[in-house]
Amino acid sequence: MRDTHRSCTVGCLGLLILGIAMTVAYNVGAVNTDEDSSQSSLLLWAVLALVGLAAIGLAINKKRPHDMQVIQDRRQQMNSLTAQYNLKAGKTKSSKEYSAVKGEYQKARASLLNRWEEDNKVAKPAVTGIWKALTAAGVIATTMMGSYGAGTAIGVKDSFVSLADNRVWSADNIPMPHMDDHSLYVSNPDSILSQEVEDSINATLGQLDDVLGIESAMVIVGHIQNDDPIGMVRGIYEKYKVGRDDRGLVIVVGYLDHSYFIAPGRSLEGDLTDAECERLARRYLIPSMKAELPDSGMLYLARGVLALMTEKDMPHMTGLSSASSDDGNNALPLMLYPFLLALWGGFCAYMGKKVGTTIGMNRLIENPFFIPPVFGDSSGGRSSGGSRRSGGGSSWSGGHHSSGGYGGGSWGGGGAGGRW
């Protein structure tokens with residue numbers, strides 16, 4: 001009884017500690033939303049951790065043949081004892097006789113267990129305890145990675161909102177990465193866009209620059225000074241001179257202000273009209289922003305501009321799914337963690353029978369008066385109850401240069417903007 005109470009106490013404490021650790025891992029993941037590891041890579045690491053633990057356990061089994069022989073002998077003794085008393089139970093004629101046989105079996109079983117406990121050399125093979133530890137380590141590792149992954153997936157929005165709430169941006173203080181590196185067109189200082197999507201937009205705008213000579217600046221922030229995207233567009237053109245030969249494009253979005261403006265350069269207005277800018281915004285930007293999917297809105301807007309200017313089919317934004325899913329950063333890996341844990345549990349249950357972490361299904365027949373006794377193999381064992389078995393993302397290698405700076409363009413005052 002004391003051992004039972006101790007086991008229950010240890011189990012409850014273990015569950016409590018595991019729950020606390022999962023909460024901590026989730027919160028850490030929610031804070032560290034800028035980590036390079038995607039959900040798929042976290043799941044891969046979890047799989048590799050379980051494979052490694054299994055390999056360690058199997059290697060230990062091979063290096064401790066004496067332990068495995070002790071476990072096999074122990075199981076054979078227990079199976080033989082159970083088969084012997086099941087034979088007696090099957091011959092009983094009354095519940096009183098059956099109760100007597102059951103009592104004898106329980107005493108004999110307890111005596112056998114006590115004999116094992118008295119001889120520590122054979123009672124507790126080291127491999128049994130090692131497999132218990134490996135089982136727990138696998139559960140802990142998998143749940144920690146799953147909790148961390150859930151935190152990174154769900155905490156992204158909270159992360160950038162908390163940053164954006166404390167900042168107001170204008171043409172005077174907005175960072176412009178293109179001034180240092182010609183391959184960078186996106187200014188995302190509040191980390192509203194994921195890094196994968198930001199890279200994809202830079203690649204798309206790089207194609208626009210290399211193929212058509214259209215320099216661009218895409219800015220997305222939480223708050224624009226005075227909630228004036230037009231004023232910010234004008235300031236960016238005046239300060240940074242976006243666009244060679246006046247073929248520039250500036251897109252400014254205030255995500256928390258719910259405002260935007262798309263402004264082609266003076267010489268680009270004939271090719272990218274105000275009406276086309278409006279259609280692009282209504283087709284891609286506004287629906288995505290209303291659905292709180294800025295990744296989709298900004299990435300598909302960039303792709304839409306490129307398709308329109310190269311006279312290709314416009315991209316189709318199916319079901320407003322997050323554009324980051326094009327790079328494999330979606331919720332599917334998170335859904336696989338329970339399945340992974342179930343597989344690990346089944347494997348550990350199988351190994352538990354081999355290394356003695358459980359005695360097995362050794363018991364008397366449940367109803368000797370109506371169910372004929374079924375006995376085991378030639379070794380005398382009996383098996384009762386049966387067994388249980390438990391879009392972006394395209395790379396562009398155009399003619400970008402490591403140096404930065406825009407080409408001296410200007411804005412003619414055209415474009416389209418509004419609110420959502």
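Let me start with Thr82, which at 1% relative accessibility counts as buried, because the cut-off for that word is under 20%. Thr82 sits in helix α3, which covers residues 65-90, and its side chain makes a polar contact with the side chain of Tyr105 at 3.1 Å. I should say at once that this is a predicted model, and that everything I go through this morning is to be taken in that light.

A second buried residue with a polar side chain contact is Ser288, in helix α10, and here the relative accessibility is 0%, so Ser288 counts as buried as well. In this case the partner is a backbone atom, since the side chain of Ser288 reaches the backbone oxygen of Tyr284 at 2.9 Å.

Let me now step back to the whole chain. The protein chain has 420 residues, of which 42% count as buried, and its secondary structure comes to 13 helices and five strands. The accessible surface of the chain comes to about 21,900 Å², and carbon and sulfur atoms account for 56% of that surface.

The five strands form an open sheet in the order β1-β2-β3-β4-β5, and the pairing within this sheet is mixed. At its edges are β1, residues 186-187, and β5, residues 416-419, each of which pairs on one side only. As a reminder, strands of a sheet pair through backbone hydrogen bonds, either parallel or antiparallel.

I would like to spend most of the remaining time on β3, so how many of the residues of strand β3 are buried? Seven of the seven residues, 248-254, are buried, and the strand is therefore largely enclosed by the rest of the structure. In a regular strand the side chains alternate between the two faces of the sheet. In β3, Gly248, Val250, Val252 and Gly254 point one way, while Leu249, Ile251 and Val253 point the other way, and all of them are buried.

On one side of this strand we have β2, residues 215-221, which pairs with β3 in the parallel sense over seven bridges. Within that pairing, Leu249 of β3 is the bridge partner of Ser216, and Val221 stands opposite Gly254. To get from β2 to β3 the chain passes through helix α9, residues 229-240, and this β-α-β crossover is right-handed.

The other pairing of β3 that I want to show is with β4, residues 259-264, and this one is antiparallel, over six bridges. Here Val250 stands opposite Ala263 in β4. The two strands form a hairpin with four residues between them. One residue of that turn deserves a closer look, namely His258, whose phi is near 60 degrees, a positive value in a residue other than glycine. At 35% relative accessibility, His258 counts as partly exposed, because that class lies between the 20% and 50% cut-offs.

There is another residue to set beside His258, and that is Glu311, for which phi is again near 60 degrees, a positive value in a residue other than glycine. Glu311 lies in the loop between α11 and α12, the latter covering residues 332-335, and at 74% relative accessibility Glu311 counts as exposed.

Finally, let me turn to the packing of nonpolar side chains, where the question is which residues touch the most other members of the largest nonpolar core. That core has 37 residues, and the ones that touch the most other members are Ile201, Leu249, Val253 and Met298. Helices α8, α10 and α11 and strands β2, β3 and β4 each supply at least two residues of this core, and the largest share, eight residues, comes from α11.

If we follow Met298 in particular, and leave out residues up to four places away in sequence, Met298 touches Leu193, Ile201, Met218, Val219, Ile220, Val253, Leu285 and Met289. Apart from this core lies another one, of 20 residues, which includes Trp169, Met232, Tyr240 and Val250. I find it helpful to read this next to the strand itself, since Leu249 and Val253, two of the residues that touch the most other members of the largest core, point one way from β3, whereas Val250 points the other way, and Val250 is among the members of the other core.

How values were computed:
Residues are numbered from 1 along each chain as its sequence is written. This is a predicted model: local features need pLDDT of at least 70, side-chain atom pairs count only at pLDDT 80 or more; totals for chains, interfaces and linings use all residues. Side-chain values use heavy atoms; hydrogens and water are left out. Buried means under 20% relative accessible area, exposed over 50%, partly exposed in between (1.4 Å probe, protein chains only). Two strands pair if DSSP finds at least two bridges between them. A crossover is right-handed if, with the strands pointing away from the viewer, the path from the first strand over the helix to the second runs clockwise. A nonpolar core is a set of buried Ala, Val, Leu, Ile, Met, Phe, Trp, Tyr and Cys residues joined through side-chain atoms within 4.5 Å. Contact means heavy atoms within 4.5 Å. A polar contact is a pair of N or O atoms within 3.5 Å; within protein, one must be able to donate a hydrogen and the other to accept it, and residues adjacent in sequence count only if both atoms are side-chain atoms. Accessible areas come from the Shrake-Rupley method with a 1.4 Å probe; for residues, only the protein chains shown count as cover.
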